[in-house]
Amino acid sequence: MSLPESLQSLRVLVVDDDEVTVDVAEMLLRQLGITRVERAHDGSVGLIMMDMASEPFDVVHPRQSVSGKHSVLAEHRAAMLAAVSGKR
């Protein structure tokens, strides 16, 4: 199965401290045809990558259990989504 070409160009950031989880997520995304996948091993690194990116990420996939620094990532992500949708 592959996605429409318009979705295959998405830039995705996968954030998790479990390398196997990131490997699986990246593999699944690539099987769908998404090739612009970047990885962060924790929320702090994910935030830095988001802030320093020359091109914004279209999708940020944080770890499933949100706590500590990951909650900061989730809050940052929610603020970005609100800004993009004009609900800020």
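**Confidence and core packing in the predicted model**

Within the protein chain, confidence peaks in strand β2 (residues 36-40), at a mean of 94, and is lowest in helix α4 (residues 69-85), at a mean of 59. The score is pLDDT, the predictor's confidence in each residue, from 0 to 100; its chain mean is 79, and 69% of residues reach 70 or more. Helices (H or I, at least four residues) and strands (E, at least two) are DSSP runs numbered from the N terminus. The model is predicted, with local features requiring pLDDT of at least 70 and side-chain atom pairs pLDDT 80 or more, whereas totals for chains, interfaces and linings use all residues. Residues are numbered from 1 along each chain as its sequence is written, and side-chain values use heavy atoms, without hydrogens or water.

The largest nonpolar core (buried Ala, Val, Leu, Ile, Met, Phe, Trp, Tyr and Cys residues joined through side-chain atoms within 4.5 Å) consists of 7 residues: V12, V14, V22, A25, L29, I34 and V37. Two or more residues come from each of β1 and α2, with α2 giving the largest share, 3 residues. Another core, of 6 residues, lies apart from it and includes L13, A40, M50 and V60.

R11 lies in strand β1 (residues 11-15) and counts as buried because its relative accessibility is 10%, the cut-offs being under 20% relative accessible area for buried, over 50% for exposed and in between for partly exposed (1.4 Å probe, protein chains only). Beyond neighbours within four places in sequence, R11 is in contact with residues including R36, E38 and F57, contact denoting heavy atoms within 4.5 Å. M27, in helix α2 (residues 19-31), is partly exposed at 43%.
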